[in-house]
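Work through the exercises below with the sequence and the structure open beside you. Try each task before reading its solution.

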Amino acid sequence: LTVDVSIVVNELAEDDKVFSVEVSLISPSSRIIIAPTSAQVIIIDDNNVTIGFEKQNYQVSKHLGRIPLKIQVLRGTLGRTVLLRVKTRDGSAIASANYISIDYHLPALNLSVYELTVNVSIVVNELAQDDKTFSVEVSLIYPSRRVIIAPTSAQVTIIDDSAIYLIPTKAAFVVRENQNQAVVCFVAAPVAAIPVNVTVVAMEDDVPSARSPQDFIASSVRLTIPPNTSPQSELCVAFTIIDNKVALEPNKTFSIKVLPSPKVVLLKPISHVLIVDDDAVSVNFTSSNYTSVGSGYTSVCVSKDVATTSNINVEMTLTSTNGSCTYGDFSPAVYSTVLVAGPAGVPACVTVPTFLWEGRSLFRMSITKVTTAGGIVKVGAPSSASVSVFNAGCLENEDISLCHYVLGTSLCQLRVYNQLCCCTCGVMC
C-alpha cells in the first residue's frame, strides 16, 4: 500500500523539519506483527536566503564623523532566526587614527526583522590627508547551508575634506625693476599631513599696465606645501622681471593668480605685483666750455644718458666769474629748457646773449634744478660749464708788452685785466 502525505510549500528559508507516520492494526492479532510501527519523514528546506550589505562601496566625508552601513535580506524570505557577526578591517585607513574599529554580534535577523544598520565612527581632524579606505565584514555565527552571505564585505572610503587655507603675505608685492625677479610668498594653515600642490600664475591685469614680455614674463609655477609645514613658514615662488633700461616710466602692476586645488581654500585668489621703475637718468652739459667771438648769442646744451618715457625740465643759472672784463653791473640770469621723452643723447639748448663791453666776458652756467613727472633724475658731470665770450677787437696774448690796439680814436686806451688786453672805450668796442 502507498500512503501519500502532503507537504506545505512556502518560500520561507527554514531549518529542515521532521515528522513521523505510524501504522497499527485495527484488529489486533497474535499472528500479525507491525514492525517498525512508524517511519520518520524529514522535510528538506530547499529555500535559500541571501544576506549582505546594501551596497559594496560606501563613501563618507571625514567631518561627518560617522558612516551607517545597512545589512539586509537581499533575496528570499527568512523563516528562521539568523545571528551575524560584524567587524572592521584596516586598509589605507588605520583603526583609531582614521576610524574606530568594531567587532561584535548583531541583533537577530528573522521574519519580522530583515534589515540592520551598522554604524562606524570616523576620526575627525584638521589634517589635510589623502582619501583612505577600510572594510566592514559580516559573517554567520552559526553557519547554515540555506543562508548565503553575499557580499561578505563592504569597502568604506573616507573622503578627506580638510582644507588648507593659502594666504598671500602681502596685498601687493613691491619689486624694483633692476631686481630682475618678483618673489611672491604665502602662508598655509592648518598643517597638512601630505604634500599639497597648487599652481601660481603670473598674468597681465584685466586692464594691463605691465606687459609680458616687455615688463615681466607671464608664466606658471608649481608651489608645493610640504607636510607638517608651520603656519609661520613662508612658501615662496619667483617670477622674472624685465629691466628695460628706460627711465621715468610709470610704476606698473601685474596679477598673481592661484589656480583652484581640491585641498586648498584660497582666501585671496588674486594678488598683485607692483614694479617700481628704478632706472635713474643723468642730466649734464654737453661740454664743459662754450666759447663765442663777438656780441650776439651763445648756445648752451644739456642732454640725458638714457632713454626716458617722460619729459625732464632743466633749470640753469648763469653767473659772472671773477676776472671777467665787464662794464657795469651783472645780474645772474635763469634759463629753462626741456629734454623731451625719447632716446638718450638728444640735446636741449638755450641761447645766452653775449653783450660785451670790454675784451672777454667769462660766465659760468650751472644746472640748478631738474624736475619730472616721476622717477629718479640725477645731475651728472659736467654739471657746470664756462661760457667765454671774446670781443673781436681785443687781443689775448701772454706777452703784455705786445698789448696794442688802434681803434682810430684817441678816446680809447689799452688796459690789462688778468693777462688780457682789453680796450676801454666810452662806447661798446
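**Exercise 1: a sheet of four strands**

Task: In the open sheet of 4 strands, find the order of the strands and the kind of pairing.

Solution. Step 1: the strands follow one another as β10-β6-β4-β12, and their pairing is mixed. The model is a predicted one.

Step 2: look at the two ends of that order. β10 (115–121) and β12 (147–149) are the edge strands; each has a single partner strand, so one side of each has no neighbour in the sheet.

Step 3: consider how the strands are turned. On average, neighbouring strands of this sheet make an angle of 20° with each other, direction ignored.

Step 4: take one pair in detail. Strand β4 (residues 49–53) runs in the parallel sense to β12, and 3 bridges join the two. Within this pair, Val49 has Val147 of β12 opposite it.

**Exercise 2: a sheet of five strands**

Task: Describe the open sheet formed by 5 strands, and state which strands stand at its edges.

Solution. Step 1: the order is β15-β22-β20-β17-β18, with mixed pairing.

Step 2: β15 (172–176) and β18 (219–225) are the edge strands, since each pairs on one side only.

Step 3: the average turn between neighbouring strands of this sheet is 25°, again with direction ignored.

Step 4: examine the pair at one end. β15 pairs with strand β22 (residues 270–276) in the parallel sense, over 5 bridges. Val175 has Ile275 in β22 as its bridge partner.

**Exercise 3: the disulfides**

Task: Count the disulfides, then say for each which strands are tied together and whether its cysteines are buried or partly exposed.

Solution. Step 1: recall what is being counted. A disulfide is a covalent bond between the sulfur atoms of two cysteines. With a cut-off of 2.5 Å between the sulfur atoms, the count is 2 disulfides.

Step 2: Cys185 and Cys236 are joined, with an S to S distance of 2.0 Å. The angle about their S-S bond is 105°, and the link is right-handed. Cys185 belongs to strand β16 (residues 181–189) and Cys236 to strand β19 (residues 235–240), so this pair ties together parts 51 residues apart in sequence.

Step 3: apply the cut-off for burial, which is under 20% relative accessible area. Cys185 has 8%, so Cys185 is buried. Cys236 has 38% and is therefore partly exposed.

Step 4: the other disulfide joins Cys301 to Cys349, with 1.9 Å from S to S. This link is also right-handed, with 100° about the S-S bond. Because Cys301 is in strand β25 (residues 296–304) and Cys349 in strand β28 (residues 348–354), the pair ties together parts 48 residues apart in sequence.

Step 5: Cys301 has a relative accessibility of 12% and so counts as buried. At 40%, Cys349 counts as partly exposed.

**Exercise 4: confidence along the chain**

Task: State the mean pLDDT of the chain, and find where the pLDDT is under 50.

Solution. Step 1: the mean pLDDT of the chain is 81, and 83% of the residues reach 70 or more.

Step 2: one stretch under 50 covers residues 322–330, for which the model has 17 contacts beyond four places in sequence.

Step 3: residues 392–429 also have a pLDDT below 50; the model gives this stretch 54 contacts beyond near neighbours in sequence.

Conventions: Residues numbered from 1 in each chain as written. Predicted model: local features only at pLDDT ≥ 70, side-chain atom pairs only at ≥ 80, totals over all residues. Heavy atoms only, no water. Pairing = 2+ DSSP bridges. Axes fitted to C-alpha atoms, helices over the stretch in contact; angles between N-to-C directions. Buried < 20%, exposed > 50% of the residue type's maximum accessible area, 1.4 Å probe, protein only. pLDDT = per-residue confidence, 0-100. Contact = heavy atoms within 4.5 Å.
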